[in-house]
Amino acid sequence: MSFHDDAQRLHGAATRVIAVTGGKGGIGKTTVSINLAAALAERGHDVLLLDADLGLANVDVLLGLAPTHTLADVVSGACELEDVILEGPLGMRIVPAASGIQHMAELDTRERAGLINAFGQLEQRQDFMIVDTAAGIAANTLDYCNASHEVLVVVCDDPASITDAYATIKVLNQSARRHRFRVLVNLAEDDRQALRLYARLLEVCDRYLDVSLDFAGNIPLDTRVSTALRRRQCLVQSFPTSPAAQAFKKLAQVTDNWPAPRSASGRVEFFVERMAQAESLRRVAQL
């Protein structure tokens with residue numbers, strides 16, 4: 001039995017949806033999303049990476065890919081969802097620039113149902129969907145986080161990063177009653193510094209919020225990361241023995257042990273349904 005068959009047996013057919021967020025821009029969130037997805041794919045999982053940075057979508061740019069369609073084309077009927085998906089490193093698949101969801105509130109019932117059905121009809125079932133959210137706490141970013149099973153908050157050694165991460169956690173806790181978050185320290189000088197940053201965020205959250213923060217690990221400072229970015233390559237694939245690549249592989253192993261979702265469906269359309277519901281509720285509130 002292969003590793004992938006064993007993973008399917010252990011976790012069933014449920015897709016685990018993980019939103020990668022952080023509040024502040026420039027903390028390496030997209031790099032984390034790409035390399036976590038790649039490391040999970042390397043472990044034998046079927047992985048779908050959704051570029052949900054609607055304003056500055058750049059997953060395709062960082063990987064040197066050239067998409068010809070987006071979800072907007074799926075909504076309009078110009079193509080099928082499978083036509084949008086790009087092949088990425090190590091077998092992972094990528095949905096570029098999710099502009100079709102940006103204006104979900106403007107879609108009628110038939111269009112929303114069609115988009116949900118499109119995800120549900122994907123021939124290849126996913127073990128994981130990684131959602132690379134936009135920086136900040138705009139409504140769409142919060143919706144992506146709320147619709148996901150797990151929220152991975154990325155922080156780095158920057159006061160603004162800690163402040164913005166706290167703001168993101170606070171809004172998600174108060175608006176959506178989300179109580180559990182995973183924290184990843186990026187660009188860490190060493191393990192000790194990473195734990196100090198995590199402890200700083202944990203202290204302020206414990207003081208003011210009713211939340212649980214789990215330390216997911218850290219990604220070290222590594223010159224190979226910038227080299228891979230300049231080459232428009234995936235670090236995990238291009239420099240697999242580098243310290244940061246090894247850290248991403250460890251993160252994938254940790255992620256693999258997170259609890260499987262307990263939703264009735266557990267498939268990718270669950271995520272899109274929740275997105276559609278959030279947009280619909282917001283639209284009603286504005287009337």
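This is a short walk through one protein chain, stop by stop, with something to select at each stop.

**Before you click anything**

The model on your screen is predicted. Show the whole chain as a cartoon to begin with. You're looking at 14 helices and eight strands. The chain has 287 residues, and 51% of them are buried. Now think about who touches whom: among contacts with a separation of 6 or more, 79% are between residues 24 or more positions apart. Keep that in mind at the next stop.

**Stop 1: I18**

Select residues 16-21, which form strand β1, and pick out I18 in that strand. Is I18 buried or exposed? With a relative accessible area of 0%, I18 is buried, because buried means anything under 20%.

Now add E150 to your selection. I18 and E150 are 132 residues apart along the chain, yet their C-alpha atoms are separated by 4.7 Å. Try drawing a distance line between those two atoms.

What else does I18 touch? Leaving out residues up to four places away in sequence, I18 has contacts with F128, M129, I130 and V131, then S148, E150 and L152, and finally T255 and W258. Show them as sticks and hold on to T255, as it comes back at Stop 3.

**Stop 2: T30**

Next, select residues 29-42, helix α2, and find T30 there. T30 is buried too, at 9% relative accessible area.

Turn on the side chains of T30 and N58. A polar contact of 3.4 Å joins them. N58 has company around T30: apart from T30's neighbours within four places in sequence, the contacts of T30 are N58, V59, L62 and D132.

**Stop 3: α2 against α13**

Keep α2 on screen and add helix α13, residues 243-256. How do these two helices cross? Their axes come within 8 Å, at an angle of roughly 70°. Angles from 65 to 115 degrees count as roughly perpendicular, so that is the word for α2 and α13. Their crossing is right-handed.

Here's what to show as sticks:

- On the α2 side, T31, V32, N35, L36, A39, L40 and E42 make the contact.
- On the α13 side, look for F248, K249, L251, A252 and T255.

Try colouring these residues by class: you should get seven nonpolar, three polar and two charged. And there is T255 again, which you met as a contact of I18.

**Stop 4: α8 against α9**

Hide those and select helix α8, residues 139-147, plus helix α9, residues 159-176. The axes of α8 and α9 come within 11 Å and cross at roughly 70°. This pair is therefore roughly perpendicular as well, and α8 passes α9 in a right-handed crossing.

Which residues make the contact? L142, C145 and N146 come from α8, while V171, L172 and A176 come from α9. Five of the residues are nonpolar, one is polar and none is charged.

**Stop 5: α9 against α10**

Leave α9 where it is and swap α8 for helix α10, residues 191-208. The axes of α9 and α10 are 10 Å apart, and the helices pack at an angle of about 40°. That makes α9 and α10 oblique to each other, because about 40° falls outside the ranges for roughly parallel (under 35 degrees) and roughly perpendicular (65 to 115). The crossing is right-handed here, too.

For the sticks, choose I162, A165, Y166 and I169 in α9, which meet L197, R200, L201, V204, C205 and Y208 in α10. By class, this contact has nine nonpolar residues, no polar ones and one charged.

**Stop 6: two leucines with positive phi**

Last, a look at the backbone. Select L90, in the loop between β3 (86-87) and β4 (93-95). L90 isn't a glycine, but its phi is positive, near 60°. L90 is partly exposed, at 29% relative accessibility.

Then jump to L187, in strand β7, residues 180-188. What is the phi of L187? About 60°, again a positive value in a residue that is not a glycine. L187 is partly exposed, with a relative accessible area of 37%.

That's the end of the tour.

Definitions and conventions:
Residues numbered from 1 in each chain as written. Predicted model: local features only at pLDDT ≥ 70, side-chain atom pairs only at ≥ 80, totals over all residues. Heavy atoms only, no water. Axes fitted to C-alpha atoms, helices over the stretch in contact; angles between N-to-C directions. Helix = DSSP H or I, 4+ residues; strand = E, 2+ residues; numbered from the N terminus. Parallel < 35°, antiparallel > 145°, perpendicular 65-115°, else oblique. Left-handed = near helix turned anticlockwise from the far one by under 90°. Contact = heavy atoms within 4.5 Å. Nonpolar A, V, L, I, M, F, W, Y, C, P; charged D, E, K, R; others polar. Buried < 20%, exposed > 50% of the residue type's maximum accessible area, 1.4 Å probe, protein only. Polar contact = N/O pair within 3.5 Å; in protein donor to acceptor, adjacent residues only side chain to side chain.
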